[in-house]
Amino acid sequence: MKKKIVKEIRVDLDKCIGCRACEMACSGFHAVPKFSSTNPARSRIRVVVDDRKDVYVPIRAGEYTQAECTGRNTYTVNGKGYKDCSFCRASCPSRDLFKEPDSGLPLTCDMCESDPPLPEPMCVQVCRVDALIYVEREVEVTEEEVKKDEVVIGLESLANTHGLDKVIDEISQIYKTMKR
Ligand code: SF4
Ligand code: SF4
């Protein structure tokens, strides 16, 4: 077994004031070149805002899913009604959320991985009311899980640089060559 640091961002909903500074900071950090533009549509964190219900919920983009889910219910929390999709982290075919506006490629929170590393992710740094709390914890994982993580990080980095379609094309070519 090996030790691995798991990074998390916890959200204190009672503190979030819906200022959306986190969206701006995230989009600026991931612009190419860095901070050359800020556009919330490119952010990997989106704040669900419903002023009438005093609802402000920051949600970080999770994994892309090709399958649309079937759970289209509404539910009630503290007397307020919500749709299932309201707080979902997935980029999916049903909606435009968490998709790069030019290319349509899915956006995923990468915890602001960079070299040199940031002391804390950008969204946490700019949140003045501490609604976002950065936490690192150590867990034990198998060597296989470590290798799998390295592969995923490598592929995400390539997809971010060259686009997902290009990476898939290249992998298909390599696969065909190896099968010969
Ligand atoms: S920066 Fe903080 S307070 Fe502002 S919307 Fe984001 S999480 Fe909420
Ligand atoms: S951790 Fe970084 S990539 Fe993830 S939502 Fe926050 S600013 Fe964006």
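Which cavity is the space taken by ligand 2? I began my notes on this predicted model with that point, and I recorded that ligand 2 takes up the second largest cavity.

**Entry 1. The two ligands**

I looked up the surroundings of ligand 2 and found 13 residues around it. Cys 26, His 30, Cys 109, Cys 112 and Cys 123 come nearest. By class, I noted 9 nonpolar, 1 polar and 3 charged residues in this shell.

I then turned to ligand 1, which sits in the largest cavity. The residues around ligand 1 include Cys 16, Cys 19, Cys 22 and Cys 127. I also listed Ile 17, Gly 18, Arg 20 and Ala 21 among the residues around ligand 1, as well as Val 47, Pro 58, Val 129 and Leu 132. The shell of ligand 1 divides into 10 nonpolar, 1 polar and 1 charged residues.

**Entry 2. The chain as a whole**

I recorded 4 helices and 6 strands. In sequence order, I read the pattern as β-α-β-β-β-β-α-β-α-α. The C-alpha trace spans about 60 × 40 × 35 Å along its principal axes. Of the 180 residues in the chain, 28% are buried. I also looked at contacts with a separation of 6 or more, and 60% of them join residues 24 or more positions apart.

**Entry 3. Helix H1**

How many of the 9 residues of helix H1 are buried? I recorded 7 of them as buried, so helix H1, residues 21-29, is largely enclosed by the rest of the structure. The buried residues are Cys 22, Glu 23, Ala 25, Cys 26, Ser 27, Gly 28 and Phe 29. Their cover includes strand S2 (45-50), helix H2 (122-126) and strand S6 (132-141). In this list I recognised Cys 22, which is one of the residues around ligand 1, and Cys 26, which is among those that come nearest to ligand 2.

I took Ser 27 of helix H1 as one example. Ser 27 counts as buried because its relative accessibility is 3%, under the 20% limit. Leaving out residues up to four places away in sequence, Ser 27 touches Ser 37, Thr 38, Asn 39, Pro 40, Arg 42 and Ser 43.

**Entry 4. Two glutamates on strands**

Glu 8 is found in strand S1, residues 2-11. Is Glu 8 buried or exposed? I noted a relative accessible area of 18%, and because the limit is 20%, Glu 8 is buried. The side chain of Glu 8 makes a polar contact with the side chain of Arg 10, at 3.1 Å. Apart from neighbours within four places in sequence, I found Glu 8 in contact with Met 111, Ile 133, Tyr 134, Val 135 and Arg 137.

Glu 138 lies in strand S6. With a relative accessible area of 53%, Glu 138 is exposed. Not counting residues up to four places away in sequence, Glu 138 touches Lys 3, Lys 4 and Ile 5. I also looked up the C-alpha distance from Glu 138 to Lys 3, which is 6.5 Å across a sequence separation of 135 residues.

**Entry 5. Backbone exceptions**

Most residues other than glycine have a negative phi, and most peptide bonds are trans. I therefore searched for exceptions to both tendencies.

Val 32 and Pro 33 are joined by a cis peptide bond, with omega about -10 degrees. I placed Pro 33 in the loop between H1 and S2. Another cis peptide bond joins Asp 115 and Pro 116, with omega about 0 degrees. Pro 116 is in the loop between S5 and H2.

Arg 20 is not a glycine, yet has a positive phi of about 70 degrees. I found Arg 20 in the loop between S1 and H1, where its relative accessibility of 35% makes it partly exposed. Arg 20 also appears among the residues around ligand 1.

Phe 98 has a positive phi as well, near 60 degrees. Phe 98 lies in the loop between S5 and H2 and is buried, with a relative accessible area of 1%.

**Entry 6. Ser 94**

I closed with Ser 94, in the loop between strand S5 (80-83) and H2. Ser 94 is partly exposed, with a relative accessible area of 34%. Its C-alpha atom is separated by 25 Å from that of Lys 53, 41 residues apart along the chain.

Key
Residues numbered from 1 in each chain as written. Chains lettered and ligands numbered in written order. Predicted model: local features only at pLDDT ≥ 70, side-chain atom pairs only at ≥ 80, totals over all residues. Heavy atoms only, no water. Near = heavy atom within 4 Å. 1 Å grid on protein atoms, 1.4 Å probe; cavity = no way out; pocket = protein on both sides within 12 Å on 5 of 7 lines; lining within 4 Å. Sits in = over half its atoms within 2 Å of the grid points. Nonpolar A, V, L, I, M, F, W, Y, C, P; charged D, E, K, R; others polar. Buried < 20%, exposed > 50% of the residue type's maximum accessible area, 1.4 Å probe, protein only. Polar contact = N/O pair within 3.5 Å; in protein donor to acceptor, adjacent residues only side chain to side chain. Contact = heavy atoms within 4.5 Å.
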